[in-house]
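User: Please take me through the model, and for each term you use, tell me what justifies it.

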Amino acid sequence: MSSPTQWPAVYPKGYAVVDVETTGLARDDRIISAAVYRLDERGEVEDHWYTLVNPERDPGPVWIHGLTSEVLEGAPLFADIAEEFAARLDGRVLVAHNAVFDWQMIAREYARAKREAPVRQRLCTIALSKELALPLPNFKLESLAAHYGVVQQRAHHALDDARVLAEAFRPSLHAAAAGGVRLPLLECRPLTEWSDRPVPRQSSGGYGGYGAYQPNSWRPARKKPACPYPNPGRYEDGKRLKQGMRVAFSGDTSVDRELLEDRATEAGLHVASSISRLTSLLVTNDPDSGTSKVVKARQFGTPVLDEAAFGQLLRDVEPADE
């Protein structure tokens, strides 16, 4: 794709396209491999880097990532590669497919190592694809790759996934620049403390087929961004979620609560901390718990969904009315 004659001056000066494979999706899961493609301001590849990481626990869904305990046994610990990883992120916008997940995993690993990742902004290629209105059947990485003719060789291998994303991000970046599209950059808040207290719990496979762990007691202070879309009303069973809908959460979730909230926010939903007559949907895995939110949802007639169903709906959120 040809470069526009005028490159937007407000665009970042460099990018770090990242993919991490993990033992699962919960707060206490660990990174087992990581890859970074460094790109210049116009998306040209400067270099790439890949490492295995010993998670100091079972590797999780080997059938997905293919990394066994035997393979990871001699790999470096995250603390051993933290400096090299940081050097490749420093001063760049972190780019990933579903970037909030990769950022949360990276931030937690650095917090465990009593360090901070030098990342201040992230860019999600799912959000960028939506900004560009790309005609994709869904927002999976393989669909984005196919749209740009990028051949995926080893799905769920961090190095190949990062390569595929880097090759697909460049034409997306150029399309955004040519169209004067504002990049959907979000702030990255580093974690500054950590306390590991994983407690295994029974699960039928967890969210997305990954095992789940009880969250520990640490939670960062968070200020939710204002939702830019009007509330279209309540969710209706069998239909899509729509941008602007107010969603509240109650009880334990197999995916880290903050991660779920960030996914909802990035999809254009309004994350509410309480239930009112304006709430579109309550997400809870225990509708019989009797919590105040569940009780109010029943009083108001607010629809209730479990986490797995909500996760499926997040994949295809209907745009807000113009």
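User: What makes β9 and β10 paired strands?

Analyst: In this predicted model, strand β9 (residues 246-250) and β10 run parallel and are joined by two bridges. Pairing requires at least two bridges between the strands, so with two bridges β9 and β10 qualify as a pair. Within this pairing, Val247 has Val271 in β10 as its bridge partner.

User: How do you know that helices α9 and α10 pack on the sheet?

Analyst: Helix α9 (residues 292-300) touches β9, β11 (281-284) and β12, and its direction makes about 145° with that of β11. Helix α10 (residues 307-314) also touches β9, β11 and β12, at about 125° to the direction of β11. Touching here rests on heavy atoms within 4.5 Å.

User: Why are β10 and β12 called edge strands?

Analyst: The open sheet has four strands in the order β10-β9-β11-β12, with parallel pairing. Because β10 (270-271) and β12 (304-305) each have a single partner strand, one side of each is left without a neighbour in the sheet, and they stand at the edges.

User: Which residues touch the most other members of the largest nonpolar core?

Analyst: That core has 52 residues, and those touching the most other members are Val18, Phe85, Ile106, Leu241, Val247, Leta269 and Phe310. Correction to that list: the residue written "Leta269" is Leu269. Helix α4 (residues 99-112) gives the largest share of this core, nine residues.

User: What does Leu269 touch, leaving out residues up to four places away in sequence?

Analyst: Its contacts include Leu241, Val247 and Phe310, along with Cys227, Met245, Ala264, Leu314 and Val317.

User: Which residues does the second, separate core include?

Analyst: That core has 30 residues, among them Ala145, Ala158, Val181 and Leu183.

How values were computed
Residues numbered from 1 in each chain as written. Predicted model: local features only at pLDDT ≥ 70, side-chain atom pairs only at ≥ 80, totals over all residues. Heavy atoms only, no water. Axes fitted to C-alpha atoms, helices over the stretch in contact; angles between N-to-C directions. Core = buried A, V, L, I, M, F, W, Y, C linked by side-chain atoms within 4.5 Å. Buried < 20%, exposed > 50% of the residue type's maximum accessible area, 1.4 Å probe, protein only.
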